[in-house]
Amino acid sequence: MNHIFYIMGKSSSGKDTVYKKILKDLELNPLVLCTTRPMRENEQQGREYNFVDREYFDSLMLENKIIEKRIYNTVYGEWIYFTSEESVDLHKGNYLGIGTLESYVKMRDHFGAETVIPIYIEVEDGLRLTRAIQREQNEKQPKYTEMCRRFIADSADFSEENLAAAGIEKRFDNGGDIEECIYKIKEFIEQV
């Protein structure tokens, strides 16, 4: 049976770095989600996300091909993140994806708990905030207000109650050496 290994964590927990390294080291297909938000510097179409317009999203909704979606009312307007049925073909092997707790639950409900395997990355909030600020400082046009909105929203989205309700028990600490965190996650994936 093939699986979807689903990486989750609050913003600036290192999800993207972990994702890229594991994808490079293990034979997994990338689960590339779609978004209507603007592309950030150093992002690439089809790598981090499939960057699409609202019309494309609306057409998939009409065709009932959306597995899960999240709509955020940001300070820059409405941004939609979603997974369509076109994103996953489990006959092609195992996948590695990144998403929110809410998207994980919807993917799990769609494909089954035996297929979608959660990988939850934790980082202490002070360190996460420092990382988030450093990341924004590297952007040509830092979006500090949006960074703060995401940081605050994560407290509710990834509350202990929500994690427990989603059945998230195993956690991977990324507050120290990221290579150690990656090693433990790769070991976990290989055991599954």
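**View 1. Who builds the wall of the largest pocket.** Helix H1 (15-25), S5, S6, H4 and H5 each chip in at least two residues to the lining of the largest pocket. Keep in mind that this is a predicted model. The pocket's volume comes out at about 1200 Å³.

**View 2. Zooming in on the middle of the largest pocket.** The lining runs to 45 residues, and the ones nearest the centre are Lys 15, Asp 16, Arg 40, Tyr 49 and Arg 135. Sorted by class, the lining holds 20 charged, 13 polar and twelve nonpolar residues.

**View 3. Helix H5 from end to end.** H5 covers residues 144-157, 14 residues in total. From first C-alpha to last, H5 reaches 20 Å, close to the 20 Å expected at 1.5 Å a residue.

**View 4. The buried face of H5.** Glu 146, Met 147, Arg 150, Phe 151 and Asp 154 are the buried residues here. Looking down the axis of H5, these residues fall within an arc of 140°, so they line one face of the helix. What do they pack against? Their partners are strand S5 (66-74), strand S6 (77-84) and helix H4 (125-137).

**View 5. The second largest pocket.** This one has a volume of about 230 Å³. It's lined by 13 residues, with Met 39, Arg 40, Glu 139, Gln 141 and Lys 143 nearest its centre. The class split of this lining is nine charged, three nonpolar and one polar. Arg 40 may look familiar: it's listed among the residues nearest the centre of the largest pocket and also among those nearest the centre of the second largest.

Conventions: Residues are numbered from 1 along each chain as its sequence is written. This is a predicted model: local features need pLDDT of at least 70, side-chain atom pairs count only at pLDDT 80 or more; totals for chains, interfaces and linings use all residues. Side-chain values use heavy atoms; hydrogens and water are left out. Helices (H or I, at least four residues) and strands (E, at least two) are DSSP runs, numbered from the N terminus. The expected span of a helix is 1.5 Å times one less than its number of residues. Buried means under 20% relative accessible area, exposed over 50%, partly exposed in between (1.4 Å probe, protein chains only). The arc is that of the directions from the helix axis to the C-beta atoms. Contact means heavy atoms within 4.5 Å. On a 1 Å grid over the protein atoms alone, a cavity is a set of points where a 1.4 Å probe fits but cannot get out, and a pocket is an open set with protein on both sides within 12 Å along at least five of seven lines; lining residues have an atom within 4 Å of a point. Grid points are joined across faces, edges and corners, and a volume is the space filled by probe spheres set on the points. Ala, Val, Leu, Ile, Met, Phe, Trp, Tyr, Cys and Pro count as nonpolar, Asp, Glu, Lys and Arg as charged, and the others, Gly among them, as polar.
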